[in-house]
Structure formats: C-alpha cells, structure tokens
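Morning, everyone. Please open the structure on your screens and keep the sequence beside it.

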Amino acid sequence: MGTADAATAAGLSFDVDRIRQDFPILTRMIREHRLVYLDNAATTQKPKPVLDTLSRYYSTGNANIHRGVHMLSEEATAAYSQARVQLQRLLNARDAREIVFTRNSTESINLVAQSYGRRHLGPGDEVLITHMEHHSNIVPWQLLCEQVGARIQVAPIDDSGTLQLDELERLIGPRTRLVSVVHLSNSLGTINPVKQIVEIAHARGVPVLIDGSQAVYHMPVDVQTIDCDFYALTGHKLYGPTGIGVLYGREALLDQMPPYQGGGDMIRSVTFEKTTYADLPHKFEAGTPHIAGAIGLGAAADYLMTIGFDGIGAHEADLLAYGTAALSDVKGLRLIGTATNKASILAFVMKGVHPHDIGTIVDTEGVAIRTGHHCTQPVMDRFGVPATARASVAMYNTRDEIDALVRALERVREMFPV
Ligand SMILES: Cc1ncc(COP(=O)(O)O)c(C=O)c1O
C-alpha cells in the first residue's frame, strides 16, 4: 500500500463520532450552543478512560507510594511504576528509568537548566534556542545565564514561521553547550525537523533538548529515532491531567546530573554530614509526586496508542487543510504561521478587530478559541502583531466545528466591517 493509500485507510478507520463519545465535556452547551472546543493547544479535553482511572484511583486505591507495606500502598506504587512504563512506550525510550515525572513541561525544562545547565555552562558559554519558543523554553535559560554568566543565541524564522535551519547550524559555535528547540510551535503550528537538528548539533558534540509539549498529542514521537538527549512534555495537553509532566532524558546524562530539588523519596541515605541520592529516576522526584496524575497520564498514553497516530494524523491533516481554506475566505483575515510542514493550529489576525474582541464574539456562539500572545511574545514581535486569535484542533474536532468557527467569524466581520 502506498503512503497516500495508507493515509486514506487510516482516515477511514478513524471514527470521529465514536471518539467524541469518549469525551463527556463535548456535549456541554455554552450559551445555548453546543460547545465547539478549539483551544486544544492550551489544554485538551479528557477522555473517559482517563476520568475513570482518576476516579477509580481516588475511590478505591488512594495511598502514598514507596512508603507502606500495606496493600493500598503497594498497589499505588505498582500503578505509579506502571504509568512510567506506559510513558516509556509512548516515547519509545530505552528504559523506564529515563522517564522522570515532573509537574509539566515548564518544570522539565527548568530541571535541565538547573541541573544539567549549572553543571555544564560557565561564563561565555551559549544556549541556542529559536525565535518560536514558548516562554517556558526561554526564561529558564535566561535564569541560568544570569546565574552562570552564559548567554542565549536565537536562531531566526522566516515570514512563514519556518525555522532557518542554515542559520541555526551557523549559530552552533565552540561555546554552544546546549540546543533547546520546540518540536511543534504552539503559536504558529510549525513542525521543526528535530531529527535533523539533533544530527547537526551532535556532529558538533552538542546535546539537544526538545520541547515536545505540542507534538506528543498530534504525532508519534520516538526519542530513540530522533536521538535527542532530553524531551519535555506536559500531561494536560496529552489528554491527561494537569499538574503532571515528563522529562525524558538519556540515561547516561541523567546519571551524571545532580538532583534538582531535595527532600523525601529522592535519597538513599541521609545523615547531617552527608546525603546520598536514590537511583534514577527517583533522584529527580523529590517529595510525594502527583500519583493520581501520573496514573491518569498513563491511561491517556494508552488511549492514544490504542486509537493510533495514523488515524489521528490523517484526520487532523484533513481539518487543517479544510480550516486553512475556509479561514482564508473570511474577509480581511490573515493567517500567521503558514509553514509547509505544520500541524493543526490556525492562528490569525483580522483587519480592524483586536484579537480579544474576536475571541469574545465567537464565544457568544459557543466557540472556544484562544487570543493573546500565547506565551510567545517574541513571535508576536517577529510578525508585528500584539496578539493573534488561535483555533487549535484535536482528534475529536470535526469539519462542522470549523464551519461553526467560520460562521462566528463572519459575525465578527459584520460587527467590524472593512
Ligand atoms: C510549546 C509549548 N511549550 C511549553 C508549554 C508549557 O506547558 P506547561 O505550562 O504545561 O508547562 C506550552 C504550553 O502552552 C507550549 O505550548
């Protein structure tokens, strides 16, 4: 079967009506309209297997982990360890020890900055990022740079929102100690060629962190194929709970890195004179973790793998093409982020209307989109806009919902004629 045939077959076996039934919130009415949820890049809705797992855990299995000999504690410890294996499978990491549970992507990146960064960067050293990073892949490096006297280098993007790879390559110099790039931009939809970036950086002996917050729920991610050194993700975008995230790290690097926070659960032994630390990944998980969150995220990972990324990818690609064409027909609308390789994020501005007004008006029609700078102020500066409106599509969205967005935008146009 050719690639196109395979995509069609995947698209056919993907039953969006059936999938929608897994998401109870999608039947909610908003101001007498059926909710049209197009704010998935901010957070995705949760399917029943995740909701049931959370409810079951708190109703029948709640206990602290690693601390008890009683049955509930043993069960909770086993479920928490199993969640690590589920995430290992989702990312195809070599070993579950390479999966560190954190609060979110932001904490995963801060962990690398403060643990790896403080050990490996000094005065005059550089961290290379791109112009399309989320603030959570900018500010942790700025904090680190202030602490150690290093500096940030920024690889530029072009007018379509595509990373200028040749410039990125040129900026990797003798002082570059780490490259940290977003896999899929939350404000432009651009998908970066992360495998190629890793090859370029590794050829110069520089490790690479990938911020996969937006990528993991749209496409299969295989950290061994990409060959990255760190991969950060956040559970609430992956159809899982809030307050739980993952840092994947190559075992050899994690092993050498000092703990990020100190406390219970991350030690082997403590005396007032000296403390020794637990093995991976516990060394990086100080204190009682978000046990229910991890277990719920494990359920989300399994749910995604059961549905399969072939079907999800084909369906979302169809919605992206349909949405791009439909939005382009709205008078005075300009898409921001038109890279050839992009995912289902439709960011735009409309002549004569502030994005916040767009968001407020479409909300009266039950359509939820995001407006603002999307925690990417440098991207807004690059495109000369204060903010954009952003419709972001997930696997449960439909063409009808894109039509509802377009109707709502036409109402905006009536209120703000050009
Ligand atoms: C690309 C990207 N990176 C990082 C983050 C931060 O995620 P969190 O706030 O869950 O840590 C986001 C969230 O919007 C994002 O889109």
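Let's start with a term. Helices, of at least four residues, and strands, of at least two, are DSSP runs, numbered from the N terminus. With that, we can place Asn92: this residue sits in the loop between helix H4, residues 71-91, and strand E4, residues 99-102. One caution before we go on. This is a predicted model.

Stay with Asn92. Its phi is near 50°. That is a positive value in a residue other than glycine. Is Asn92 buried, exposed or partly exposed? The relative accessible area is 32%, so Asn92 counts as partly exposed.

Now, who touches Asn92? One partner is Asp222. Setting aside residues up to four places away in sequence, Asp222 touches Leu91 and Asn92. Find Asp222 in the loop between strand E8, residues 208-211, and helix H9, residues 223-226. Asp222 is partly exposed too, with a relative accessible area of 25%. Look at where its side chain goes. The side chain of Asp222 reaches the backbone nitrogen of Gln224 at 2.9 Å. It also reaches the backbone nitrogen of Thr225, at 3.0 Å. For a sense of scale, pick Glu74. Asp222 and Glu74 are 148 residues apart in sequence. In space they are 31 Å apart, C-alpha to C-alpha.

On to Leu91, the other partner of Asp222. Which residues does Leu91 touch, not counting those up to four places away in sequence? The list is Ile99, Val216, Val221, Asp222, Val223, Tyr231, Leu233, Val246 and Tyr248. Now zoom out. The largest nonpolar core has 84 residues, and Leu91 and Tyr231 have the most contacts inside it. Which helix gives the largest share of this core? Helix H11, residues 291-307, with ten residues. Apart from that core lies another one, of 28 residues. Among its members are Val330, Ile361, Val367 and Ile402.

Next, the ligand. It is surrounded by 13 residues. The closest are Thr106, Asp211, Gln214, Thr234 and Lys237. What sort of residues make up this shell? One is nonpolar, ten are polar and two are charged. Let's go through some polar contacts. A polar side-chain atom of Asp211 lies 2.6 Å from a nitrogen atom of the ligand. For Ser213, a polar side-chain atom lies 3.2 Å from a ligand nitrogen. Ser105 uses its backbone: an N or O atom there lies 3.3 Å from an oxygen atom of the ligand. How much of the ligand is covered? Taken alone, the ligand exposes 390 Å², and the protein buries 88% of that.

Back to loops. I have a few for you to click through.

First, Asp125. Find it in the loop between helix H5, residues 105-120, and strand E5, residues 126-130. Is Asp125 buried or exposed? Its relative accessible area is 6%, and the cut-off for buried is under 20%, so Asp125 is buried. Beyond residues up to four places away in sequence, Asp125 touches His120, Ala150, Arg151, Arg175 and Arg177.

Now Thr340. This residue is in the loop between strand E13, residues 333-336, and strand E14, residues 345-350. Why does Thr340 count as exposed? Because its relative accessibility is 83%, and exposed means over 50%. Thr340 and Pro156 are 184 residues apart in sequence, and 17 Å apart in space, C-alpha to C-alpha.

Next, His374. It lies in the loop between strand E16, residues 370-372, and helix H14, residues 377-383. Phi is near 55° here, a positive value in a residue other than glycine. At 2% relative accessibility, His374 is buried.

Then Thr398. Look in the loop between strand E17, residues 388-392, and helix H15, residues 399-415. Thr398 is buried, with a relative accessible area of 14%. Leaving aside neighbours within four places in sequence, Thr398 is in contact with Val16, Arg20 and Leu319.

Last stop: a peptide bond. Leu280 and Pro281 are joined by a cis peptide bond, with omega about -5°. Pro281 is in the loop between strand E12, residues 275-277, and H11. And H11 is the helix with the largest share of the 84-residue core.

That's my tour. Over to you.

Conventions. Residues numbered from 1 in each chain as written. Predicted model: local features only at pLDDT ≥ 70, side-chain atom pairs only at ≥ 80, totals over all residues. Heavy atoms only, no water. Core = buried A, V, L, I, M, F, W, Y, C linked by side-chain atoms within 4.5 Å. Buried < 20%, exposed > 50% of the residue type's maximum accessible area, 1.4 Å probe, protein only. Contact = heavy atoms within 4.5 Å. Near = heavy atom within 4 Å. Polar contact = N/O pair within 3.5 Å; in protein donor to acceptor, adjacent residues only side chain to side chain. Areas by Shrake-Rupley, 256 points an atom, 1.4 Å probe, with all protein chains shown as cover. Nonpolar A, V, L, I, M, F, W, Y, C, P; charged D, E, K, R; others polar.
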